[in-house]
Amino acid sequence: MWLRDRVDYPLDPLSADEFTAVAAILRREHGVGEGWRIASVELAEPSKAELAAYDEGGPAPARRAAVICLDRSANATYKGFVSLTDDRVESFTHIPGVQANFTVDEFAECDQILRSHPDVIAALARRGITDMDNVFMDTWTYGAAVAPPEYTDRRIGWSDTWYKSTAGANPYAHPVSGLHCVIDLNAMEVLRVEDDGTNERPDVMGEYVPRHIPERIRAASTREPLKPLEITQPHGPSFTLDGNLLQWQNWSLRIGFNHREGMTLHTVRYRDGAVNRSVAHRLSFAEMVVPYRDPSVDHYRRTAFDIGEWGLGFMTTSLDLGCDCLGEIRYLDAVLHNSKGEPYTITNAICIHEEDNAVLWKHVDHDAGAEVRRMRRLTLSFHVTVANYEYLVYWRLYQDGNIECEVRATGIMVTTPLPAGADAHPNGALVDERTYAPYHQHFLIARLDLDIDGPDNTVYMTESYAAPIGPDNPYGLSVVVRNEALRTEADGIQDVNFATQRAWKVVNTNVVNGLGTHPSYKLVPTGAIPPMLDPESPVLQRANVIGHTLWVTPNHPDERWPAGEFVNQSVRDTGLGEWTKANRSIDNADVVLWYVFGIHHITRPEDWPVMPVDIVSFWLKPYGFFDRNPALDVPATPPGACAHPHTKAAHH
């Protein structure tokens, strides 16, 4: 549990007591109380040098918190640093022209303000909707380019309206098309009610909870229930968890958590013989951009920056609400804060468990027989609910040194009714009666601070190509691998090329392995998607990062957010698009890789009314990091553990 008074390690997330102390210090020194919102508080992480000194027996780095505060009366955003060690504010600076992230409190307050507003009530009544208890108002953020120009000097949001058929039914089943409001979130004032008078209410079956699904549909089911699948580990799991230090097989790492990124992984190391070798200093998700590719009145504003505008941590849901993990599980709680700075706990925010994953390696020899090793993997996961969508994030460690990152998207698609007589829309798929789901994209940006055997690394682009037929290649069989060092940030802006199986190796050229080559880890892309956006598109102007698959930059403590620190109501990118103009050296340096991947969601009827998971992933694979297969020492599974006593041989 992280709700504790003492700190075990300098990277441990802030505790409840520390959140309370930060709020008290801000109130005492800068009057941050009534009329303010504390938009975010997170640990200001110590530098690599400070951690190295601490690990060698030096003093513990100061405990510091980074804060973003909002003075509502002046619509002014402040960024500061608070020293918990010294009980003081180190800095508190007004950042003009930016908006802090939206808070969960504002989301809930907007819903209440909108549902009680007379103009909203009247607009719904004209559509025959008078039961306000079954109305739900969903507030989204604005990009400044599509915001009403007369309100861009305010903190504003815009709303969707939904109506559910009965209490407990799916609130996203019945959108109220053509009704959107503009809200000042500081004043909690409805600035404008936009109503085009649309009143399309097709007969939609948008329910997924069994008791709300119509009997005619439930009766048509022919699926037989499954027999129980029980996963037991009578001797307990094979990993240990000491505070937030996780150890399993040869792996060790520390687990972090904050409001913006959610779960973070730190100091990832692999024990190779007697040596604890560094693989990564920090792995996380730094941004998620979800543009809806439909210019209609209901969707032209719908471009979410879910990490920068809201925060994955704030959206993290407790994993004790369902069967999200299976087996011998260990959970970690997470502590966050509301917009007053008051702490609260998300119970079971992170799940840690082992999984069997079929065969790890195998060979059958005519004389020696079969040698088979089963694969065990360790999975760390957390789940977030961002309004209608769920994102399920899994980091997996393997016995052969591989690291896999997988994201599963599920939840409920945004839908829109079609006019009577229409049965298609150019920007979406028909998913129910006169109802379409707009096409959209999910761009995920992973921030990968790899330290392969130390912080000084060089990134190489590696790809394969066929050599031409000639005297040395008469049958055209020769495939050659080309490796190109990326020396500057301009070199480090890369695009995927599946035709050449392009990947990128992070190499420590200062170290030699037993084969005389340099150890590295390879980033293997599998889910990269094209932006399909005009260069002048407001989305691409705000998030240059999604225009390329990979960016490589020198590590800098202030460069954490690829589209900029403040993306709420942004007009221009203040992140990677700006930093990389300096074209700094990334040669034999402490580098960060920003990898862009995601889901190009061409919606389909099978995704409605609740979406089966869409899965996307990437891999970090050792390449010359070991001299041979590091999983040779994995013991064989006893034959008795491979089959249940009820197993019977097949009869032919």
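Two strands pair if DSSP finds at least two bridges between them. Keep that in mind for the exercises below. The model is predicted.

**Exercise 1. Find the bridge partner of Phe81 in β4, and place both strands in their sheet.**

Step 1. Start with the pair of strands. β3 covers residues 76-83 and pairs with β4 in the antiparallel sense. Six bridges link β3 and β4.

Step 2. Look up Phe81. Its bridge partner in β4 is Ser91.

Step 3. Widen the view. The open sheet has four strands in the order β1-β2-β3-β4, with antiparallel pairing. β1 (36-43) and β4 (88-94) are at the edges and have a single partner strand each, so one side of each lacks a neighbour in the sheet. On average, neighbouring strands are turned by 20° against each other, direction ignored.

Step 4. Add the helix. α1 (residues 16-30) lies across β1, β2 (64-71), β3 and β4. The angle between α1 and β4 is about 65°.

**Exercise 2. State which domains the protein is divided into, and describe the contact between domain 2 and domain 3.**

Step 1. List the domains. They are domain 1 (16-95), domain 2 (104-212) and domain 3 (241-623).

Step 2. Take the centres over C-alpha atoms. Those of domain 2 and domain 3 are separated by 32 Å.

Step 3. Turn to the contact. Domain 2 puts in 37 residues and domain 3 puts in 35 residues.

**Exercise 3. Describe the largest nonpolar core and the surroundings of Phe285.**

Step 1. Recall a general trend. In soluble globular proteins, nonpolar side chains tend to be buried together.

Step 2. Apply it here. The largest nonpolar core has 109 residues. Phe285, Trp395, Leu448 and Phe618 have the most contacts inside this core.

Step 3. Ask where the residues come from. Strand β13 (residues 275-291) gives the most, with six residues. Domain 2 (104-212) and domain 3 (241-623) each supply at least three residues to this core.

Step 4. Zoom in on Phe285. Leaving out residues up to four places away in sequence, Phe285 touches several residues, including Ile307, Leu312, Trp395, Cys405 and Phe597.

Step 5. Look elsewhere. Another core lies apart, with 22 residues, among them Leu14, Leu26, Val32 and Leu84.

**Exercise 4. Trace the pairing of β30 with β19 and with β27.**

Step 1. Take β19 (residues 403-411). It pairs with β30 (residues 611-623) in the antiparallel sense, over eight bridges. The bridge partner of Cys405 in β30 is Phe618.

Step 2. Take β27 (residues 520-525). Six bridges join β27 to β30, and the two run antiparallel. Here Tyr521 stands opposite Pro622 in β30.

**Exercise 5. Sort Cys325, Cys351, Cys110 and Cys323 by disulfide bonding and burial.**

Step 1. Count the disulfides. The structure holds one. It joins Cys325 to Cys351, with an S to S distance of 2.2 Å.

Step 2. Locate both ends. Cys325 is in the loop between α7 (312-315) and β15 (330-337), and Cys351 is in strand β16 (residues 343-365), so the pair ties together parts 26 residues apart in sequence. Cys325 and Cys351 are buried.

Step 3. Check Cys110. A disulfide needs cysteine sulfur atoms within 2.5 Å. The closest cysteine sulfur, in Cys181, is 10 Å from that of Cys110, too far for a bond. Cys110 is buried, at a relative accessible area of 0%.

Step 4. Check Cys323. It is in no disulfide, and the nearest cysteine sulfur, that of Cys325, is 8.2 Å away. Exposed means over 50% relative accessible area. Cys323 has 69% relative accessibility, so it counts as exposed.

Note on methods. Residues numbered from 1 in each chain as written. Predicted model: local features only at pLDDT ≥ 70, side-chain atom pairs only at ≥ 80, totals over all residues. Heavy atoms only, no water. Axes fitted to C-alpha atoms, helices over the stretch in contact; angles between N-to-C directions. Contact = heavy atoms within 4.5 Å. Core = buried A, V, L, I, M, F, W, Y, C linked by side-chain atoms within 4.5 Å. Buried < 20%, exposed > 50% of the residue type's maximum accessible area, 1.4 Å probe, protein only. Domains from an automatic or database assignment.
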